[in-house]
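Please open the model in your viewer and keep the selection tool at hand, since this tour moves from one selection to the next.

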Amino acid sequence: MRRMSKPPLVASKVFDSCVSTVSDAASRARLQAISPTTPRTATYYEQLAVNQGLYSIPHQTYQPHDVVTGAATRKDFNDLYELQMVVKSKPSRRYYDELIARAPAKKCPYCGFGHARTLDHYLPKAKFPSYSVLPENLVPACRDCQSCKSANVAVAAGDQTLHPYFDPNFFFTERWLHARLVEGAEPSIEFFVACPEGWTADAISRVQNHFDAYELGSRYAIEAGEELTNIGAMLSIHIQKDAASIKAELHAQAAVEQSLFPNSWKTALYAALSVNDWYCDGGFRV
Ligand SMILES: [Zn+2]
């Protein structure tokens, strides 16, 4: 998980820019009619988001021509995104590119390692069409995270995955991602969630839900498997090193990783290896 500040884009400017190039006159008129409500929509979204309350926004499964807001339909909102913001030749595409370019080191904030090359609707546009081009609802993401995300919508506070723009800092600064080494001829790494003391049931449920929804356990295990081979090869070169110095080295590396990203797979991996006696005492050689 990586924290991001909220986009510096003005919601009404983005909305109006997208609407201005809608070629269907009737659709454009329906969207223009609700343009004055955009600032209110953005404020409403943000206030709920910072209070971890987006789950409370009513939603439903809309058919394309169902009216969502004013006279604007689900199709109007959907096309606004798909045909005005995503299409490369359209002027509003600059907002799409700008939002993706904000990804920290081009990494997906949901998983922290995938290449962020698409935009994810935190509240899916099929069920929350009004937020289809709302910058606060558009998060740069990797294709894996985007495809993992289920169509299920959170209906309770604890169901919600983490929102990189709005969730409290402790989700990003306190450690909840951990790993354990599975010893054996072919050692492997298992990732799991264990939250610090004092977290609320909702907070615990949210990170577990985030971990599950983006299939982080299996995806991190793949990354960590390769790293494990590299670390083993590196340590095997220094055959004179004893278990204590290997432990200290791995511990130092874990501290470096943790100072960068407390909940990265690397932090969890190095921390798990540094406390494993079997591994440090030669297990890395297998
Ligand atoms: Zn991702």
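Begin in the loop and select Ala-105, which is exposed, with 8 other C-beta atoms within 10 Å; a residue is called buried if 20 or more other C-beta atoms lie within 10 Å of its own, exposed if 12 or fewer, and partly exposed in between, with the C-beta atoms placed from the backbone. Before going further, note that this is a predicted model, in which local features need pLDDT of at least 70 and side-chain atom pairs count only at pLDDT 80 or more, while totals for chains, interfaces and linings use all residues. Residues are numbered from 1 along each chain as its sequence is written.

Ala-105 is found in the loop between α5 (93-101) and β3 (118-121), where helices (H or I, at least four residues) and strands (E, at least two) are DSSP runs numbered from the N terminus. Most residues other than glycine have a negative phi. Ala-105, although not a glycine, has a positive phi of about 55 degrees. Extend the selection to Lys-106, which lies in the loop between α5 and β3 and also has a positive phi, near 65 degrees, in a residue other than glycine. Lys-106 counts as partly exposed because it has 14 C-beta neighbours inside 10 Å.

Now zoom out to the whole protein chain, whose C-alpha trace spans about 75 × 40 × 30 Å along its principal axes. The chain holds twelve helices and six strands, and of its 286 residues 37% count as buried. Two residues are in contact if their C-beta atoms, placed from the backbone, lie within 7 Å, and residues 24 or more positions apart account for 69% of the chain's contacts with a separation of 6 or more.

Next, colour residues 11-152 as domain 1 and residues 170-285 as domain 2, bounds that come from an automatic or database domain assignment. The C-alpha centres of the two domains lie 36 Å apart, and their contact takes nine residues from domain 1 and nine residues from domain 2. On the side of domain 1 that touches domain 2 there are five nonpolar, two polar and two charged residues, where Ala, Val, Leu, Ile, Met, Phe, Trp, Tyr, Cys and Pro count as nonpolar, Asp, Glu, Lys and Arg as charged, and the others, Gly among them, as polar.

Select α1 (residues 11-20) together with α3 (residues 38-50): these helices pack at an angle of about 130 degrees, with their axes 8 Å apart. Axes are lines fitted to C-alpha atoms, for helices over the stretch in contact, and angles run from 0 to 180 degrees between N-to-C directions. The angle makes α1 oblique to α3, given that angles under 35 degrees count as roughly parallel, over 145 as roughly antiparallel, 65 to 115 as roughly perpendicular and the rest as oblique. To see where they meet, show Ala-11, Ser-12 and Phe-15 in α1 against Thr-38, Pro-39, Thr-41 and Ala-42 in α3; by class, this contact has four nonpolar, three polar and no charged residues.

Finish with α10 (residues 243-260) and α11 (residues 265-274), whose axes come within 8 Å and cross at roughly 160 degrees, so that α10 is roughly antiparallel to α11. Among the residues that meet here are Leu-250, His-251 and Ala-254 in α10, and Tyr-270, Ala-271 and Ser-274 in α11. The residues of this contact divide into five nonpolar, five polar and three charged.
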